[in-house]
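I opened this one to see how its pieces fit together. Here are my notes, in the order I looked things up.

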Amino acid sequence: PRNLKKIESPPPVLYIKGRILPKDNLSIAVIGTRKITPYGREVTEKLTTSLVGQGFTIVSGLARGVDSVAHRIALGNGGRTLAVLGSGLDRIYPPEHKALAEKIVDLDLGAIISELALGTAPLKGHFPSRNRLISGLSLGVLVTEGATVSGTKITSQFCLEQGRKLLAVPGPITSPLSQGPADLIKTG
């Protein structure tokens, strides 16, 4: 994909199940916490619906929480979505999202993507590299909810290093899951 070719050290090999189309170059990553709150769900649903309505492909990591909400909302609105894995394409993680991954491919509304070979397990050390691809496939990254220390922060850092736009949604000041976006906003 054109956006991914522009990052430093793009993956030498990319495994894809489904199709990546030229129009997927107009894409934005929607990411955040796995422990989504009702506020985070509402914001993710509204913003993802709007982005899909404007023709954006939604990129995320197929994780629990914000990622799965973003993928489902994209599909539910007839939009396209790219799910980037931290495992081989045959080792969907988390396992309860196997049906979601299959739906993306079966509806021909996107692809599941990995730089890891078939059979590769979803090990903790694979996810930072996956996060690099999430931001690399996108023109920008939207953080809807997240803690201060998280994979969201890693993806945000890659986004900035890659010269992409980083967007953060402010949340309730009493929620620890608003701290990640608040930190991003505070630092500009």
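The entries below go from the sheet to the helices and then to some backbone details.

**Entry 1: the sheet**

A reminder to myself before I start: this is a predicted model. I looked up the sheet and found 7 strands in an open arrangement, in the order 1-5-4-3-2-6-7. The pairing is mixed. The edges are strand 1 (15–18) and strand 7 (165–168), each of which pairs on one side only. I also checked the twist: on average, neighbouring strands are turned by 20 degrees against each other, with direction ignored.

Next I went to one edge. Strand 6 (residues 140–145) and strand 7 run parallel and are joined by 4 bridges. For a concrete pair to click on, I picked leucine 142, whose bridge partner in strand 7 is leucine 167.

**Entry 2: helix 5 on the sheet**

Which strands does helix 5 touch? I noted strand 2 (27–32), strand 3 (57–60), strand 4 (81–84) and strand 6. The direction of helix 5 makes about 160 degrees with that of strand 4.

I then asked how many residues of helix 5 are buried. The count is 8 of 10, so I wrote helix 5 down as mostly covered. The buried set holds Phe127, Arg130, Asn131, Arg132, Leu133, Ile134, Ser135 and Gly136. I marked Arg130 and Arg132 in my copy, as both are among the buried residues.

**Entry 3: helix 5 against helix 6**

Helix 5 (residues 127–136) also packs with helix 6 (residues 151–161), at an angle of about 50 degrees and with the axes 8 Å apart. The two helices are therefore oblique to each other. Their crossing is right-handed.

I listed the residues that make the contact. Helix 5 brings Pro128, Asn131, Arg132, Ile134 and Ser135, while helix 6 brings Gly151, Ile154, Thr155, Phe158 and Cys159. By class, I have 5 nonpolar, 4 polar and 1 charged residues here. Asn131, Arg132, Ile134 and Ser135 also appear in my list of buried residues from the previous entry.

**Entry 4: helix 3 against helix 4**

For a second helix pair I took helix 3 (residues 66–76) and helix 4. They pack at an angle of about 35 degrees, and their axes are 11 Å apart. The crossing of helix 3 and helix 4 is left-handed. On the helix 3 side I found Ser68, His71, Arg72 and Leu75, which meet Leu100, Lys103 and Ile104 of helix 4. The class count for this contact is 3 nonpolar, 2 polar and 2 charged residues.

**Entry 5: backbone details**

Where is the cis peptide bond? I found it joining tyrosine 93 and proline 94, with omega at about -5 degrees. Proline 94 sits in the loop between strand 4 and helix 4 (98–106).

I also looked at phi. Serine 9 has a positive value of about 55 degrees although it is not a glycine. I located serine 9 in the loop between helix 1 (2–5) and strand 1. Aspartate 108, not a glycine either, has a positive phi of about 55 degrees. Its loop runs between helix 4 and strand 5 (110–114).

Last lookup: is aspartate 108 buried, exposed or partly exposed? Its relative accessibility is 33%, so I filed aspartate 108 as partly exposed.

Technical notes: Residues numbered from 1 in each chain as written. Predicted model: local features only at pLDDT ≥ 70, side-chain atom pairs only at ≥ 80, totals over all residues. Heavy atoms only, no water. Axes fitted to C-alpha atoms, helices over the stretch in contact; angles between N-to-C directions. Parallel < 35°, antiparallel > 145°, perpendicular 65-115°, else oblique. Left-handed = near helix turned anticlockwise from the far one by under 90°. Contact = heavy atoms within 4.5 Å. Nonpolar A, V, L, I, M, F, W, Y, C, P; charged D, E, K, R; others polar. Pairing = 2+ DSSP bridges. Buried < 20%, exposed > 50% of the residue type's maximum accessible area, 1.4 Å probe, protein only.
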